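The following exercises concern cavities, pockets and cysteines. Please study the sequence and the model before reading each solution.

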Amino acid sequence: MADLAGDMKQQTGLSIRGGGIRGIVPACCLVKLEQQLGGLTRDHIDYCAGTSTGALLAAGIAAGVPAKQLLKVYTERSREIFTPSGILADAKRIAKGFMYDPANLRRVLVETFFPESKMTLNDSPLRLMITATAMNGRNWYFVQDNPKNARTTGKVSLVDAAVASSCAPTYFEDSIITLPSGKPLAFFDGGCGGTANPVYQACVEAFEYDTFDPQNTRVISLGTGFYPGSDAVPKGLLAGIGWVTSTLIDSSEDWADEAVNRHWPGLLQTFNPELPSSIDEADTSAIPQLVKIGEKMADSMDWRKILA
C-alpha cells in the first residue's frame with residue numbers, strides 16, 4: 001500500500017456505489033482485481049469509500065475479507081437478509097413501513113468479518129469513508145479520527161456504520177448507532193442524503209480533511225449498474241413506493257462523477273455497466289443475471305493498467 005505520509009507516490013482511492021443486490025457487480029470486479037494482482041483488495045488501495053451495498057463492500061475490504069467471500073455473501077446469503085419475500089414482504093411494507101430487519105444483515109456481516117467483526121473505523125489499515133443519513137436529514141460521513149477532522153466517528157464499529165448505510169427506507173427499518181458521545185441516533189441509507197455515489201464526498205474528505213494530494217491520487221469508481229428507465233408512471237401503491245425510494249437513492253449518481261471531473265480533471269475512472277432491465281435492490285431472483293453482468297464487466301478490466 002502506498003505511503004500515506006505524502007512521499008509523492010501515486011495513491012489510490014476506490015469508491016463503490018449503492019444498489020442493494022446489485023453489489024454483485026462491483027464484487028465481481030474486486031474478485032478480478034485480487035486474481036490479477038494477488039493478495040487482498042486492501043493491499044492495493046489507500047482509501048475506500050462506500051454507500052449502502054458499497055459500504056458493505058468497503059467495510060469488508062477494510063476488514064480483510066477476500067473478494068470471493070464477499071461475493072458469496074451476495075450469491076449465497078442474500079435471502080437471509082432480504083426476508084420475508086413476496087406477498088409477506090409487501091404486507092409488512094404497508095403495515096410497518098419497511099420489509100427487512102437490519103439485525104439479519106448485521107448477523108451476516110459479523111459472521112463474514114470474523115475475527116475482525118469488532119473493528120472500529122480507527123482500526124482500519126486503510127483510510128475509509130462510509131456514508132449514512134440520520135433521521136433528522138443530516139448527512140454523516142463515518143471516517144477515522146485524524147487531526148484535520150472533528151474526531152467524532154472513528155470509534156464507531158465498522159459493522160454498525162455499514163449496516164446504517166444500507167438501511168434504505170421502506171426496505172429496512174432504521175438502524176441505531178450509539179455514537180462515541182453516548183448519544184443514540186437512528187440512521188437510514190446514505191443514498192437518501194444524496195451520496196448514493198459517494199465519490200465526490202470521498203474526494204472532499206481525502207483532500208480537505210486528510211493528507212491526500214489530488215496531484216498524486218487516482219480514484220476508481222465502481223457502479224452497481226444503471227438502467228436508463230422510461231417515462232412510464234408506476235401503477236399502484238407498492239410500485240409507487242419502490243419508484244420513489246429508488247429515485248431518491250439513485251438521483252445523485254450522475255452529478256457526483258461530473259463534480260469530481262469538474263473540480264479535479266483527469267483523476268477519476270468510472271466503471272458502471274448498463275443493465276438490460278430495471279433490477280430492484282432486493283430482487284434476489286436476479287442474482288444469476290447480475291453475476292453474468294458483473295463477470296462481463298470484470299473481464300473487461302485490466303487492474304494492472306488501471307492502477308499503473
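**Exercise 1.** How do the residues of the lining of the second largest pocket divide into nonpolar, polar and charged?

*Solution.* The model is a predicted one. Step one: the second largest pocket has a volume of about 290 Å³. Step two: 16 residues line this pocket, and those closest to its centre include Arg 138, Tyr 141 and Glu 205. Step three: the lining divides into five nonpolar, six polar and five charged residues. Strand S4 (139-143) and helix H7 (199-208) each give two or more residues to this lining, and S4 gives the most, with four.

**Exercise 2.** Determine which helix gives the most to the lining of the largest cavity.

*Solution.* Step one: the largest cavity holds about 310 Å³ of space. Step two: helix H2 (53-62), helix H3 (67-81) and helix H5 (102-113) each supply at least two residues of its lining. Step three: H3 gives the most, with five residues. By class, the lining of the largest cavity comprises 14 nonpolar, seven polar and two charged residues.

**Exercise 3.** Explain why Cys 29 has no disulfide partner.

*Solution.* Step one: a disulfide is a covalent bond between the sulfur atoms of two cysteines. Step two: the cut-off for such a pair of sulfur atoms is within 2.5 Å. Step three: the closest cysteine sulfur to that of Cys 29 belongs to Cys 28 and lies 6.8 Å away, so the distance is too far for a bond. Step four: a search of the whole structure finds zero disulfides.

How values were computed
Residues are numbered from 1 along each chain as its sequence is written. This is a predicted model: local features need pLDDT of at least 70, side-chain atom pairs count only at pLDDT 80 or more; totals for chains, interfaces and linings use all residues. Side-chain values use heavy atoms; hydrogens and water are left out. On a 1 Å grid over the protein atoms alone, a cavity is a set of points where a 1.4 Å probe fits but cannot get out, and a pocket is an open set with protein on both sides within 12 Å along at least five of seven lines; lining residues have an atom within 4 Å of a point. Grid points are joined across faces, edges and corners, and a volume is the space filled by probe spheres set on the points. Ala, Val, Leu, Ile, Met, Phe, Trp, Tyr, Cys and Pro count as nonpolar, Asp, Glu, Lys and Arg as charged, and the others, Gly among them, as polar.
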